[in-house]
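These are my notebook entries on a structure that I looked through step by step. The sequence and the model are placed here so that each entry can be followed.

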Amino acid sequence: MPTVILAGPPVPGSPLEGDLRSLGFEVRSVPEPADAAAALAAVPADQRVAVVDSGFVGHVHALRLALTDPRFDACAVTGALSVQPAARGALDKAVRTAPAAASDAAPYADRLAATLEAAGTPVQHPELGTLVAAVPATPGQRREAAEAVAAVDEEAVRLRTAVKSRDGFFTTFFISPYSRYIARWCARRGLTPNQVTTASLLTALVAAGCAATGERWGYVAAGVLLLVSFVLDCTDGQLARYSLQYSTMGAWLDATFDRAKEYSFYAGLALGAARSGDDVWALALGAMVLMTCRHVVDFAFNEANHDATANTSPTAALSDRLDSVGWTVWVRRMIILPIGERWAMIAVLTAATTPRVVFYALLIGCAFGALYTTAGRVLRSVTRKARRTDRAAQALYDLTDSGPLAELPRRLLKRDKPSAAAVWVAAAGAAVLVGLALTRPFGDPTLIGAALLYAVTSGEAVARPLKGALDWLIPPLLRAAEYVTVLALAAEADVPGALPAAFGLVAAVAYHHYDTVYRIRGGTGAPPHWLVRTIGGHEGRVLVITVLAAVLARPDFPVALTALAGFVAVVVLVESIRFWVSSGAPAVHDEGEPA
């Protein structure tokens, strides 16, 4: 059980002890700050511990933000400090060294926080806005602080801050106004964000099943259920922020279930269309390829510039000016078709039209959004001189998913200077591979040579540190080359089951790529090398698939794709689940709406 050390003489009539207990803390009072060290020594080292000044006056939610947020090793507001076990040693030292004299003007908890920061332990200071957190020095100041607490509707603040600070137009104006109240309802009944996330997934899977019926009632039900799933998808994050129920498992579920829901719905639409005699599996796979490559563009650009230092880009300056005008902000967020607008469009078109129309609209809208965002990022990259760090270069390399063939030049040559030609080498190899895959007949052995050339060029592209201005384009180029090759070969096979099997294979590989992204964003590094080598790396999988197409009869090709998809899925899922459940990786919660 977490413990609070309440430092200082008790204040008559103060509700502080009751507030702390309502947050789940055991309260241990000490008459003077000098006694805190002995009280701290009695608290087990594997428990969260907090120090709060007995004179604290403020909102309960201010205490909740400082004392219960699991994302930070140390967190503080005026008069209250908490640390998790990872920072316990630093707190023990701070208690011994921080000034405890009553003559010091700063509250004792604040002095501890300052000592922690001076010693190199990061301390999170949450934004309180209108919430109050104070340690008044006189009775008059205490009355003023109490009046300030009474003047603010704490629950309204808590509901407002449960909503993401940056969301899309549809989510902001059509979902969040009521989903925040659903989140509060869930919190009051003891439901967890993970349970709501799971409910959202199950609802989306039922929606996909309804779409797979191929009947009009099924399409209408699918559209309605998809919107319900999206409401629950917004609710889980709002519940996490409302009650500060962040977790490693929650971060993993939230990161992966959105894609699982959307891509399952694509498959449901394709199955429903097939029941009506319309084969749209190629469109479904094309939509999944486009969305995944678009996300890799987003992730790679952000990782490349995460800690880069650079002069201000004219393009970035123009973007900032546009973001300062209300209507342009919403227009720019809508035209890229983020998840809220995209799911709303899919739901409405599913209920009112046909799967083919849904996929056409999806491909056109997402292609425009991808071109818009990618063009802007290219302009930003070429109009400023960025200095990228070794961490950014390693993240980009990990995102390439290079296997044994592509990593061979990097191991042998050990080049240490970046090359401006790297992205063009990767683009040339990808273009040759995709061009031949789209134009040559199924089984043409020329594709094996193209796959070998692709392995050489991709290996050459990543042999140097990826610190060039446009090197962030290399991971999405490699993703597009692999996925489009699979799509083209399955379409050219022109046998039943080839495109659904290809859909399954790309889905399994895409999961691996998303898993890589979220591990990097969580600061835990990429998946282990053995995993990448076991599933071949992007170039190894391309070579295997082109060889299979050349040596197998057309009817056998779907079987081979299915077997490969099953192998990749099992290996990747087992390792991913093991990692996210047992590794203790930090939770990552995006405060902006993903595309």
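**Entry 1: Cavities**

I began with the second largest cavity and noted that its lining consists of Val 296, Asp 398, Leu 399, Asp 401, Arg 479, His 513, Thr 516 and Val 517. I then looked up which elements give two or more residues to this lining, and they are helix H17 (390-400) and helix H22 (498-521). H22 provides the largest share, three residues. I recorded a volume of about 50 Å³ for the second largest cavity. A search of the whole structure returned two cavities of 30 Å³ or more. I keep in mind that this is a predicted model. As a general point, rolling a probe the size of a water molecule over the atoms shows where empty space is left.

**Entry 2: Arg 391 in H17**

I stayed with helix H17, where Arg 391 is found. Is Arg 391 buried, partly exposed or exposed? Its relative accessible area is 34%, so I entered Arg 391 as partly exposed. Apart from neighbours within four places in sequence, Arg 391 is in contact with Glu 303, His 306, Asp 307 and Ile 520. I checked His 306 further: 85 residues separate it from Arg 391 in sequence, whereas the two C-alpha atoms are 9.3 Å apart in space.

**Entry 3: Helix H9**

I next compared the span of helix H9 (residues 193-211) with its expected value. For 19 residues at 1.5 Å a residue the helix should span 27 Å, and the end C-alpha atoms are indeed 27 Å apart, so the two agree. Expected span is counted with one less than the number of residues, because that is how the term is defined.

Which residues of H9 are buried? I listed Pro 193, Val 196, Thr 197, Ser 200, Leu 201, Thr 203, Ala 204, Ala 207, Ala 208, Cys 210 and Ala 211. Their cover includes helix H8 (169-188), helix H10 (216-243) and helix H11 (248-275).

I took Thr 203, which is placed in helix H9, as one example. Its relative accessible area is 15%, so Thr 203 counts as buried, the limit being under 20%. Beyond neighbours within four places in sequence, Thr 203 is in contact with Leu 225, Val 228, Ser 229 and Leu 232.

**Entry 4: Helix H16**

I made the corresponding check on helix H16 (residues 355-382). This helix has 28 residues and reaches 40 Å from its first C-alpha to its last, close to the 40 Å expected at 1.5 Å a residue. Among the residues that I found buried in H16 are Pro 355, Phe 359, Gly 365, Cys 366, Gly 369, Arg 377 and Ser 381.

**Entry 5: Aromatic rings**

I searched the whole structure for aromatic pairs and obtained 15. For Phe 169 and Phe 173 the ring centres are 4.9 Å apart and the planes stand at 45°, so I described the pair as tilted. The two residues are four apart in helix H8, which means that about one helical turn separates them. Phe 169, at 27% relative accessibility, counts as partly exposed, and Phe 173, at 42%, is also partly exposed.

A further pair is Phe 579 and Trp 580. Their ring centres are 5.1 Å apart and their planes are at 85°, so this pair is edge-to-face. I noted Phe 579 as buried at 9% relative accessibility and Trp 580 as buried at 4%.

I also recorded one aromatic cluster, formed by Phe 169, Phe 170, Phe 173, Phe 174, Phe 230, Trp 330 and Trp 343. Arg 333 lies over the face of Trp 330, at 5.0 Å from the ring centre. Elsewhere, Arg 158 lies over the face of Tyr 242, at 3.8 Å from the ring centre.

**Entry 6: Positive phi**

Most residues other than glycine have a negative phi. I therefore noted two residues of another kind, for which the sign is positive. Leu 337 has a phi near 55° and is found in the loop between helix H14 (326-335) and helix H15 (339-352). Asp 494 has a phi of about 55° and is found in the loop between helix H21 (474-493) and H22.

Is each of these residues buried or exposed? Leu 337 counts as buried at 11% relative accessibility, whereas Asp 494 counts as exposed at 66%.

Key: Residues numbered from 1 in each chain as written. Predicted model: local features only at pLDDT ≥ 70, side-chain atom pairs only at ≥ 80, totals over all residues. Heavy atoms only, no water. Buried < 20%, exposed > 50% of the residue type's maximum accessible area, 1.4 Å probe, protein only. Contact = heavy atoms within 4.5 Å. Phe/Tyr/Trp six-rings, centres within 6.5 Å; stacked < 30°, edge-to-face > 60°. Lys NZ or Arg CZ within 6 Å of the ring centre and 35° of its normal. 1 Å grid on protein atoms, 1.4 Å probe; cavity = no way out; pocket = protein on both sides within 12 Å on 5 of 7 lines; lining within 4 Å. Points joined across faces, edges and corners; volume = space filled by probe spheres on them.
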